[in-house]
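Let's walk through this structure together, starting with how its parts touch one another and ending at a spot on its surface. Keep the 3D view open as you read.

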Amino acid sequence: MTEIQGIGGHREEIDRIDEQIVELLNSRRKQVLAIGAIKHTGHEPVLDFQRESDVIHHVHSANIGPLPDDEIAAFYELILEYSARAQRAHAEYLKHNERQ
């Protein structure tokens with residue numbers, strides 16, 4: 001077997017991991033939307049800078065490598081950005097439905 005042929009097993013494992021990541025991101029999004037609904041009801045702002053800082057700190061402390069903390073932070077900054085967008089969109093949806 002050549003080295004190139006040996007890549008297939010690693011790629012299959014990456015595909016399985018990617019599926020798990022997608023499943024976890026969707027589970028996370030459900031929680032984000034639930035929190036967004038609570039914020040909407042309580043008239044709280046979408047952005048909570050302290051919470052974002054806490055999330056980054058938490059994932060840094062959970063990181064055992066080999067990813068460096070700055071890469072983990074970059075991933076989570078995107079996740080947090082899209083989470084805030086989803087909460088804003090969900091709040092608009094809720095606001096629209098309240099008027100009807």
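A good place to begin is the contacts in this predicted model. Counting contacts between residues at least 6 apart in sequence, 68% join residues at least 24 apart.

Which secondary-structure elements does the protein have? There are three helices and zero strands, and reading along the sequence gives the pattern α-α-α. The protein is more spread out than a compact globule, because its radius of gyration is 18 Å, well over the 13 Å that the globule rule gives for 100 residues. You can follow this in the C-alpha trace, which spans about 65 × 30 × 15 Å along its principal axes.

Now turn to what is covered and what is not. Of the 100 residues in the protein, 16% are buried. The protein exposes about 8,100 Å², and 58% of that area is supplied by carbon and sulfur atoms.

For a closer look at the surface, find Ile17, which sits in helix H1, the element made of residues 3–41. Is Ile17 buried, partly exposed or exposed? With a relative accessible area of 38%, Ile17 is partly exposed, because that category lies between the 20% cut-off for buried and the 50% cut-off for exposed. Ile17 also has company: together with Ile21 and Leu25, Ile17 forms a nonpolar patch on the surface. The accessible area of Ile17, Ile21 and Leu25 together is about 230 Å². A residue needs over 30% relative accessible area to belong to such a patch, and the 38% of Ile17 is the value to set beside that cut-off.

Terms used
Residues numbered from 1 in each chain as written. Predicted model: local features only at pLDDT ≥ 70, side-chain atom pairs only at ≥ 80, totals over all residues. Heavy atoms only, no water. Patch = residues over 30% accessible without salt bridge, like charges linked within 9 Å, V, L, I, M, F, W, Y side chains within 5 Å. Areas by Shrake-Rupley, 256 points an atom, 1.4 Å probe, with all protein chains shown as cover. Salt bridge = Lys/Arg side-chain N within 4 Å of Asp/Glu carboxyl O. Helix = DSSP H or I, 4+ residues; strand = E, 2+ residues; numbered from the N terminus. Buried < 20%, exposed > 50% of the residue type's maximum accessible area, 1.4 Å probe, protein only. Rg over C-alpha atoms; globule rule 2.2 N^0.38 Å. Contact = heavy atoms within 4.5 Å.
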